[in-house]
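Please walk through the following model with the sequence and the coordinates side by side. The account begins with one helix and its surroundings, and then turns to the sheet and to a pair of loops.

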Amino acid sequence: MAVEKLEREKAEEALNSLEGWEFDRDGDAISKSFKFSNFSEAWGFMARVALIAESSDHHPEWFNVYNKVNITLTTHDAGGLSERDVKMAKAIEAL
């Protein structure tokens with residue numbers, strides 16, 4: 001089954017349900033920055049996200065420096081933001 005890019009209205013609805021996430025890349029992605037007390041906590045968070053990503057076969061773009069983790073979600077196969085990204089963001093928030 002092909003993954004479809006979300007229409008702007010649906011993308012805005014989805015973003016409203018995700019605290020702290022913002023549109024990125026002209027609405028073709030969403031991103032959020034996370035800050036932890038130290039590198040170990042940031043790394044542990046990344047490890048938990050990696051397990052979710054691997055089990056759902058949907059991998060984030062991320063950047064880590066010391067206690068900060070920046071995550072960007074987009075679906076390359078859909079050419080932008082899809083329901084897979086929203087689902088992944090919700091799973092990350094559940095951590």
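**Packing around a helix**

The buried residues of α3 pack against α1 (8-16), β2 (29-35), α2 (39-56) and β4 (68-73), where contact means heavy atoms within 4.5 Å, and where helices (H or I, at least four residues) and strands (E, at least two) are DSSP runs numbered from the N terminus. This is a predicted model, in which local features need pLDDT of at least 70 and side-chain atom pairs count only at pLDDT 80 or more, while totals for chains, interfaces and linings use all residues. Residues are numbered from 1 along each chain as its sequence is written, and side-chain values use heavy atoms, with hydrogens and water left out.

Helix α3 comprises the 12 residues 83-94 and reaches 17 Å from its first C-alpha to its last, close to the 16 Å expected at 1.5 Å a residue, the expected span being 1.5 Å times one less than the number of residues. At the start of α3, a side-chain oxygen of serine 82 comes to within 3.1 Å of the backbone nitrogen of arginine 84; a polar contact is a pair of N or O atoms within 3.5 Å, and within protein one must be able to donate a hydrogen and the other to accept it, with residues adjacent in sequence counting only if both atoms are side-chain atoms.

Which residues of α3 are buried? They are Asp85, Val86, Met88, Ala89 and Ile92, where buried means under 20% relative accessible area, exposed over 50%, and partly exposed in between (1.4 Å probe, protein chains only). Seen down the axis of α3, these buried residues fall within an arc of 165°, so they line one face of the helix; the arc is that of the directions from the helix axis to the C-beta atoms. On the other side of α3, Lys87 and Ala94 are exposed.

A similar description can be given for α1, whose buried residues are Ala11, Ala14 and Leu15. Viewed along the axis of α1, its buried residues fall within an arc of 100°, so they line one face of the helix, and the face turned away from this buried side carries the exposed residues Glu9, Lys10 and Asn16. The buried residues of α1 pack against β1, β2 and α3.

The sheet comes next: an open sheet of 4 strands has the order β1-β2-β4-β3, with antiparallel pairing, two strands being paired if DSSP finds at least two bridges between them. At its edges stand β1 (22-24) and β3 (61-65), each with a single partner strand, so one side of each is left without a neighbour in the sheet. The twist averages 25° from one strand to the next. β2 and β4 pair in the antiparallel sense over 6 bridges, and isoleucine 30 has leucine 73 in β4 as its bridge partner. Across β2, β3 and β4 lies α2, running at about 165° to β3; axes are lines fitted to C-alpha atoms, for helices over the stretch in contact, and angles run from 0 to 180 degrees between N-to-C directions.

Finally, two loops are linked by a polar contact. Phenylalanine 36 lies in the loop between β2 and α2, whereas asparagine 67 is placed in the loop between β3 and β4. Phenylalanine 36 counts as buried at 17% relative accessibility, and asparagine 67 counts as buried at 10%. The backbone oxygen of phenylalanine 36 lies 2.8 Å from a polar atom of the side chain of asparagine 67. Leaving aside neighbours within four places in sequence, phenylalanine 36 is in contact with Glu41, Ala42, Phe45, Asn67 and Val69.
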